[in-house]
Amino acid sequence: DDSGTTATVVVTHGTLDNEIFVTVANVGDSHAYLYTGAQTCRLNADHRCDENKAECERIRAAGGEVSRDDPKGPSRLWPGGLMMSRTLGDRSAIQAISTPEIRRALLPPSGGRVMIASDGLWDTMSGKQCAKLVHSKQVQQAAQLLVNTAHKKDSRDDITVTVVDLLPTDGPRLPWTNAKGQPLHDHELPEVHDPSFSWELSAVGEDYRDEPPRLHQIRKQRRERLAQAQLYEDNMKAAAAERVAERAARRRAESEEAERLRQGPLQTGGKNRCPLVYGP
C-alpha cells in the first residue's frame, strides 16, 4: 500500500520562570488549535497545497507540479495526486517530504485548551466554532461532542479528536469558565494576530532549545500588556475606593443632619432659639 498518513505531535514544557510552552510538529492537514478562553488560534502549519504557497514553490523547485485535475477540485501534487505537500509514507509522491514543520507558542498565564484533530473535523467546523461548542465541557465530553457533531455535519473523512487542558493549577474548574475569578486579560495572547506568534523552530537551528528573537518580542509584548492591565486595575480600584469614601461621607452628613433635626430648635441656638421665660 503506497498510501500514507498525516501526523501532528504536541509537546508541552515549562521553564524556571513558570512559563508554559507548546511545541507542535506536524506533516499534513491534521491541525492543533489553542483556545485560551478569549482567543482561538492554530498552532501548526497547514500543508494543503491550496493553503501553503511556500510549499508549492518548494515542490516546483524540486521538479514537481501543483495543479488541479478538476477545475472545481483542490490543488494536488504531481506525481502522486496528493492534496498535501508533506506526509508520512506516500511513496508515489516523491516531492511530498516527511520532514515536519516544528513550531512553538508561549501560553497565557491562565493556560489553555489544545484541540488536536484530523481533517474530518476541520473540514466541517473552524477552530473557533469547535472552541465555542465545547467551551464548558470537560475534555472527554468535549472530544466526543466534536466527533458527534462532525458526523452530524456529514463528514466524509476519518475523524480523530484529542482534547487536552493545560492548566496552571489542580483546580477542578476550567479557568475560562469562571469569569468572575480571573481577569479576562489573563486569557489573552496579544501576539495572536501576528501570523508569526508561533515561530518555526527549524529556522532557528538544529538545537530546538535555542530561543529565537521572536520569543523576546513576545515576552516584551506580554510584559507591556500585563503592566497596562495592572495599571488599569489599580486605577479602577482607586476609583472604587474613592466612590466608597464619598458615599460614606455623604451618609455621615445625612446622619448628622437627621440627628440635628431630631433634637429640635432648642438645641440649635441662634435666632431659632426659644426665649427664656422667668417666673409665673
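## Salt bridges and the linked network

A salt bridge is taken here as a side-chain nitrogen of Lys or Arg within 4 Å of a carboxyl oxygen of Asp or Glu. In this predicted model, D29, R48, D119 and D123 are linked in a network of such salt bridges. Across the structure, the number of salt bridges comes to 13, and three individual pairs are described under the next two headings.

## A contact between two loops

One of the salt bridges joins the side chains of R68 and D50, with an N to O distance of 3.5 Å. The pair brings together distant parts of the chain, since R68 belongs to the loop between β5 (65–67) and β6 (76–78), whereas D50 belongs to the loop between β4 (40–42) and α1 (53–61), with their positions 18 residues apart in numbering.

Neither partner is assigned to the buried class: R68 is partly exposed at 45% relative accessibility, and D50 is likewise partly exposed, at 38%.

## Pairs within helix α5

Helix α5 spans residues 213–263 and contains both E257 and R260, which lie 3 residues apart, or about one turn of the helix. The side chains of E257 and R260 form a salt bridge with an N to O distance of 2.6 Å. Both side chains belong to partly exposed residues, with a relative accessible area of 35% for E257 and a relative accessibility of 41% for R260.

Another salt bridge in this helix is made by the side chains of R262 and E259, at 2.5 Å from N to O. R262 and E259 are also 3 residues apart within α5, a spacing of about one turn. Here the two partners fall into separate accessibility classes, because R262 has a relative accessible area of 60% and is exposed, while E259, at 32% relative accessibility, is partly exposed.

## Cysteines

A search of the whole structure returns 0 disulfides. For C49, the nearest cysteine sulfur is that of C56, which lies 4.8 Å away, and C49 takes part in no disulfide. The cut-off applied to a pair of cysteine sulfur atoms is 2.5 Å, so a pair must lie within that distance to be counted as a disulfide.

As for their surroundings, C49 is buried, with a relative accessible area of 5%, and C130 is also classed as buried, at 0% relative accessibility. Both assignments follow from the cut-off for this class, because a residue counts as buried when its relative accessible area is under 20%.

Terms used
Residues numbered from 1 in each chain as written. Predicted model: local features only at pLDDT ≥ 70, side-chain atom pairs only at ≥ 80, totals over all residues. Heavy atoms only, no water. Buried < 20%, exposed > 50% of the residue type's maximum accessible area, 1.4 Å probe, protein only. Helix = DSSP H or I, 4+ residues; strand = E, 2+ residues; numbered from the N terminus.
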